[in-house]
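Here are some notes to read alongside the model. Please keep the structure open while going through the points.

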Amino acid sequence: MKIFTSAQIHELDNYTIEHEPIKSIDLMERAARTLTNAITEKWDKSVPVVVFAGPGNNGGDALAVARMLIEKEYQVQTYLFNITGHLSADCTENRKRLCDRKGRPLLIEVTQEFDPPRLENGMLVVDGLFGSGLNKPLAGGFASLVKYINASKADVVSIDVPSGLMTEDNTYNVSSNIIKATQTLTLGQIKLSFLFAENQQYIGEVRVLDIKLSKEGREKIEANFTMMEEDMAKALLRPRNPYAHKGQMGHALIIAGSYGMAGAAILATKACMRAGAGKVTVHTPKRNVPILQTTMPEAIVSIDREETTFTEGVPTEDYSAVGIGPGLGTSEQTAITLIAQLRRAQCPQVIDADALNILANRRAWLQQLPKGIIMTPHPKELDRIEGKCIDSYERLTKARDLAERLQGYVVLKGHYTAICMPDGHVVFNSTGNAGMATAGSGDVLTGIITALLARGYERQHACLLGVYLHGLAGDLAAQELGEESVIASDIIDYLPKAFLKIKK
């Protein structure tokens with residue numbers, strides 16, 4: 001699913017109007033009917049409704065919704081804010097349609113002073129002040145109105161976007177001047193800003209409403225952002241040759257675990273095996289060998305010459321892919337060995353955890369990384385590499401820039417993990433849950449992506465499918481165990497079910 005910017009959303013609206021063809025006022029009517037149905041599904045006629053409509057097309061939607069709610073015998077008060085004396089054409093038409101109704105519905109047009117209605121628990125506010133076209137923070141009277149609404153105990157349903165929230169970049173927005181919705185009824189597609197953690201306080205429960213925008217228009221408009229969904233995962237998953245042997249399923253190398261961090265090596269190695277690699281070799285310090293041989297009898301163990309740290313590089317001619325970093329430690333000798341290992345590897349590589357921390361402390365080394373490198377940082381690891389970020393949008397921008405600069409892949413982990421491509425495209429993952437916020441979860445992801453690379457998947461496809469499977473396994477684990485009880489090894493245990501679910 002493509003995720004469009006505010007400019008592209010406007011372009012798609014215009015394409016639909018031109019090619020369906022349909023008048024803009026009729027498209028607004030269609031949207032309002034869909035919005036009204038969604039509202040009436042959640043709130044019945046006993047709930048008093050207050051509609052706040054702005055001067056643009058978001059306000060036109062709100063006025064049309066007010067009219068349709070009245071037709072369904074809801075008790076509705078409507079406030080239209082016309083401070084500048086200029087309404088959009090469709091907002092003007094919907095004001096006329098509302099006022100032309102028999103019985104003169106309660107419409108108060110605000111041009112100067114505003115005496116706000118009392119908002120109480122058990123009431124519903126329909127927020128139609130500003131939509132996806134907003135490009136600067138709210139100020140003055142609108143900011144005061146937002147604060148007044150947020151201070152009330154009324155439920156708030158926002159049309160398309162909570163007023164005050166911008167569709168993409170809210171880095172320099174004013175938090176207190178953004179509506180905090182109970183529910184956001186967004187039109188056509190999810191908005192980019194909805195995917196960022198700090199914006200969850202504004203959007204509440206999100207429903208994406210289909211208002212039948214042009215399918216052809218969606219296909220023609222090039223989007224920099226996409227949402228990874230099950231149909232994409234199904235298309236990427238390769239069937240396993242019934243006559244395959246282990247030599248054809250790839251030989252993966254995992255370099256992980258300092259003394260005391262053998263668990264990281266175990267998790268990455270076990271995940272790599274569960275994700276279908278034919279053979280897995282794990283390179284680790286001497287003291288980790290007994291526990292690895294006991295817990296992972298299926299793996300081959302390559303023993304570092306040192307007792308407790310990674311100090312000896314591994315030739316990669318015989319390997320199909322390398323995953324490096326989980327629990328590795330950050331000593332000077334480990335750092336020197338790491339960069340030598342990364343530079344001379346002759347196969348695809350995934351770098352995570354301490355490997356990223358080492359690079360963050362020696363940023364000049366980034367220039368030595370081979371093209372096609374895959375990095376899997378969590379937000380703090382990305383901040384260490386690229387500098388502290390104000391918010392998620394800035395962090396995403398830096399991750400995209402890093403992927404383009406390195407001509408590699410940056411998998412920025414989070415609720416909607418973002419896979420940043422060398423060409424600047426970003427794919428957000430749709431699977432995963434809060435139960436996966438647990439130690440070792442990232443080590444599991446490293447193992448999964450490494451296995452897919454070893455099996456011959458292209459780097460891009462290994463990242464996309466690996467992240468999706470990782471999240472899906474976490475979802476299946478949470479369904480049976482509860483989010484609170486999920487641990488990293490559970491994600492590995494539910495990988496088989498994740499593969500089966502995609503296949504079916």
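1. The expected span of a helix is 1.5 Å times one less than its number of residues. This is a predicted model, and helix H9, residues 262–274, can be checked against that rule. With 13 residues at 1.5 Å a residue, H9 should span 18 Å, and its end C-alpha atoms are 18 Å apart, so the two values agree.

2. Which residues of H9 are buried? They are Ala262, Ala264, Ala265, Ile266, Leu267, Ala268, Thr269, Ala271 and Cys272. The elements that cover the buried residues of H9 include two strands, E10 (251–255) and E11 (279–284). Helices H10 (289–295), H15, H17 (488–493) and H18 (495–503) are also among them. Just after H9 comes glycine 276, with a positive phi of about 105°.

3. Helix H14, residues 392–406, passes the length check too. Its 15 residues should span 21 Å at 1.5 Å a residue, and the end C-alpha atoms of H14 are 21 Å apart, which agrees. The buried residues of H14 are Ser392, Arg395, Leu396, Lys398, Ala399, Arg400, Leu402, Ala403 and Leu406. An α-helix has 3.6 residues a turn, so residues three or four places apart point the same way.

4. What do the buried residues of H14 pack against? Their partners are helix H13 (379–386) and the strands E9 (225–228), E15 (374–375), E16 (409–412), E17 (418–420) and E18 (426–429). Glutamine 407, just after H14, takes a positive phi of about 50°.

5. The next pair to look at is H15 (residues 441–454) and H16 (residues 459–481), whose axes are 9 Å apart and which pack at an angle of about 140°. The two helices are therefore oblique to each other. Their crossing is right-handed.

6. On the H15 side, the residues that meet H16 are Ser441, Val444, Leu445, Ile448, Ile449, Leu452 and Leu453. On the H16 side, they are Arg459, Ala462, Cys463, Leu465, Gly466, Val467 and His470. By class, this contact of H15 with H16 has 10 nonpolar, 3 polar and 1 charged residues.

7. A second helix pair is H3 (residues 57–71) and H4 (residues 89–99), which pack at an angle of about 20° with axes 8 Å apart. That angle makes H3 roughly parallel to H4. The crossing of H3 and H4 is left-handed.

8. Asn57, Gly59, Gly60, Leu63, Ala64, Arg67 and Ile70 in H3 meet Asp90, Cys91, Asn94, Arg95, Arg97 and Leu98 in H4. The residues of this contact of H3 with H4 divide into 5 nonpolar, 4 polar and 4 charged.

9. Is threonine 78 buried or exposed? Its relative accessibility is 0%, so threonine 78 counts as buried. Threonine 78 lies in strand E3, residues 76–81. Apart from neighbours within four places in sequence, threonine 78 is in contact with Val51, Leu63, Ala66, Leu98, Leu106, Leu107 and Ile108. Leu63 also appears in the list of H3 residues that meet H4, and Leu98 in the list for H4.

10. Last, the whole chain. The protein chain has 18 helices and 18 strands, and buried residues make up 58% of its 504 residues. Along the principal axes, its C-alpha atoms fill a box of roughly 85 × 45 × 40 Å. Of the contacts between residues at least 6 apart in sequence, 74% join residues at least 24 apart.

Key: Residues are numbered from 1 along each chain as its sequence is written. This is a predicted model: local features need pLDDT of at least 70, side-chain atom pairs count only at pLDDT 80 or more; totals for chains, interfaces and linings use all residues. Side-chain values use heavy atoms; hydrogens and water are left out. Axes are lines fitted to C-alpha atoms, for helices over the stretch in contact, and angles run from 0 to 180 degrees between N-to-C directions. Helices (H or I, at least four residues) and strands (E, at least two) are DSSP runs, numbered from the N terminus. Angles under 35 degrees count as roughly parallel, over 145 as roughly antiparallel, 65 to 115 as roughly perpendicular and the rest as oblique. A crossing is left-handed if the near helix is turned anticlockwise from the far one by less than a right angle, and right-handed if clockwise. Contact means heavy atoms within 4.5 Å. Ala, Val, Leu, Ile, Met, Phe, Trp, Tyr, Cys and Pro count as nonpolar, Asp, Glu, Lys and Arg as charged, and the others, Gly among them, as polar. Buried means under 20% relative accessible area, exposed over 50%, partly exposed in between (1.4 Å probe, protein chains only).
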